[in-house]
Amino acid sequence: MIRSYKFLMRPTVGQTQALGEMLRDHCSLYNGALQERRDAYRHVSKTSVKYGMQSAQLKEIRAFDPERQGRWSFSSQQATLRRLDKAFAAFFRRVKSGDTPGYPRFRGVTWFDTVEFPKDGDGCRWDSTTHDLVTRVRLQGVGHVKVHQHRAVVGRVKTVSVKREGRKWFVVLTAEQEQPEPLPATGSAVGIDLGIANFLADSGGGFVPNPRHGRSNAARLEAALQALAKFPRVRRDQRSANHRRTVEKVAKLRGKVGRQRLDHAHKTALALVREHDFIAHENLTIRNMLKTVAPKPDPDKPGTFLPNGAAAKTGLNRSISDAGWGVFLTILHAKAESAGREVIAVNPRNTSRRCPQCGHTSADNRTTQAKFHCAGCGHTAHADTVGAINVLRAGLVRREAQPA
Ligand SMILES: [Zn+2]
């Protein structure tokens, strides 16, 4: 299965210029090839120029113009010629069917906004600096361009495209996910509650612990981050040797923690998808909004608020675990889709407060972070298990409401 991803790029000033030149030169290649086809078509012989003939000329064009055409990826130039070929194929198809389509047009440089690289690793490289914190894509003639990768890419990257939209630059990827054997139905449905103490609790009473063992890489990363915070914020080239070593250590540990987290997420998602036909989870975006600490009014000064007491550290831990859940859910959705399983995100409102036995819904039911004790019927359970049961219930209600 092919899936596509679009990420904002953050090119430097020099890279922005190079990207503009890359578009300009691909545009002029496109127009030049179009001109050649037009001339040939208008000639008495009505010669039709084919892609293969134009592609064969590329080597010469590049050698003749090393400053411009010679700078860019050969394969991306072939892709541009292929685009022209497609435009002509569509044109002739419509002529044949009796339409009177417009002849393929020259593109102004502002109308030419995409360069395609048909194969990752050929003139481009997705995630070219794996040792670094920041994701980059390497583009021939441009360099390693920073990418704002806001979600995980699942599967193997096949094609890479660069796209200009207004003043912004994007990289568009297509990635192929391995297609596992479609799994046999199990007749089982599950709800999951993502947490901090445990990575997740399921509605059957099971728990998946967080990937921590002893003085783990996560703890070492935290220590390294604290050490890094002690250095003054200075330019890269003004850092001391110690400072540089700490930066490197942080980057290395981040990579390790990220890989561990990814591995854990894959295993956890695979186990869920194997066992259940239907999986319900909380909608994280809504959940984050609900969990923001409410401001407390200051009784002494009406109209003002007390500090809400949420420590900065909690915020950090929270954002780290949020990132982990996001990665996990992306993988879960992808695996479920390819295995023919159904995954539903539900509104988490009241999932931690409603008694699964009697339906009594109250904040008083949640006695501690970990314990649920119903004020109505006396039912007790682990609070996260209760959350997961309510998530499953909400998921099944939603499925009823929207028949497939
Ligand atoms: Zn109850």
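Start by selecting Leu-139 and, across from it, Gly-143 in strand β5: the two stand opposite each other. Before moving on, know that this is a predicted model, in which local features need pLDDT of at least 70 and side-chain atom pairs count only at pLDDT 80 or more, while totals for chains, interfaces and linings use all residues. Residues are numbered from 1 along each chain as its sequence is written, and side-chain values use heavy atoms, with hydrogens and water left out.

**Stop 1: the sheet**

Widen your selection to residues 135–139, which are strand β4, and residues 143–148, which are strand β5. These strands pair in the antiparallel sense over 5 bridges. (Helices, H or I with at least four residues, and strands, E with at least two, are DSSP runs numbered from the N terminus; two strands pair if DSSP finds at least two bridges between them.)

Next, bring helix α1 into view by selecting residues 13–42. This helix packs on the sheet and touches β1 (2–10), β2, β4, β5, β6 and β7, where contact means heavy atoms within 4.5 Å. The direction of α1 makes about 90° with that of β2; axes are lines fitted to C-alpha atoms, for helices over the stretch in contact, and angles run from 0 to 180 degrees between N-to-C directions.

Which strands make up the open sheet, and in what order? Follow β2-β6-β7-β1-β5-β4-β3, 7 strands with antiparallel pairing. At the edges stand β2 and β3 (124–126), each with a single partner strand, so one side of each has no neighbour in the sheet. On average, neighbouring strands here are turned by 30° against each other, direction ignored.

**Stop 2: strands β2, β6 and β7**

Select residues 114–117 for β2 and 156–165 for β6; they are antiparallel and share 4 bridges. Within this pair, look for Glu-116, which faces Ser-161 in β6.

Now add β7, residues 168–176, which runs antiparallel to β6 and is joined to it by 9 bridges. Thr-159 has Thr-174 in β7 as its bridge partner. The two strands form a hairpin with 2 residues between them, and Gly-166 in the turn has a positive phi of about 60°.

**Stop 3: charged pairs**

Side chains of opposite charge can pair when their charged atoms come close. The whole structure holds 14 salt bridges, each defined as a side-chain nitrogen of Lys or Arg within 4 Å of a carboxyl oxygen of Asp or Glu.

Stay on the hairpin and select Glu-176 and Lys-158, whose closest N and O atoms are 3.5 Å apart in a salt bridge. Glu-176 sits in strand β7 and Lys-158 in strand β6, so this pair ties together parts that are 18 residues apart in sequence. Glu-176 is partly exposed at a relative accessible area of 31%, and Lys-158 is partly exposed at 30%. (Buried means under 20% relative accessible area, exposed over 50%, and partly exposed in between, with a 1.4 Å probe and protein chains only.)

Then pick Glu-165 and Lys-163, which meet in a salt bridge at 3.4 Å, N to O. Add Lys-6 to see a network of salt bridges linking Lys-6, Lys-163 and Glu-165.

For another pair, select Arg-71 and Glu-21, with 2.6 Å from N to O in their salt bridge. Arg-71 is in the loop between α2 (51–64) and α3 (74–96), while Glu-21 is in helix α1, 50 residues apart, linking distant parts of the chain. Is each partner buried or exposed? Arg-71 is partly exposed at 27%, whereas Glu-21 is buried at 18%.

**Stop 4: the zinc ion**

Select the zinc ion and its donors: Cys-355, Cys-358, Cys-374 and Cys-377 coordinate it through their SG atoms at 2.2 to 2.4 Å. Donors are N, O and S atoms within 2.8 Å of the metal (3.2 Å for Na, K and Ca), and water is not among the atoms, so sites may look incomplete. Along the sequence, the donor residues follow the spacing C-x2-C-x15-C-x2-C.

Cys-358 lies in the loop between β14 (342–346) and β15 (371–373) and Cys-374 in the loop between β15 and β16 (380–382), so the pair ties together parts 16 residues apart in sequence. Compare their surroundings: Cys-358 is partly exposed at 42%, whereas Cys-374 is buried at 2%.

**Last stop: a loop residue**

Finish at Asn-350, in the loop between β14 and β15. Asn-350 has a positive phi of about 70° although it is not a glycine.
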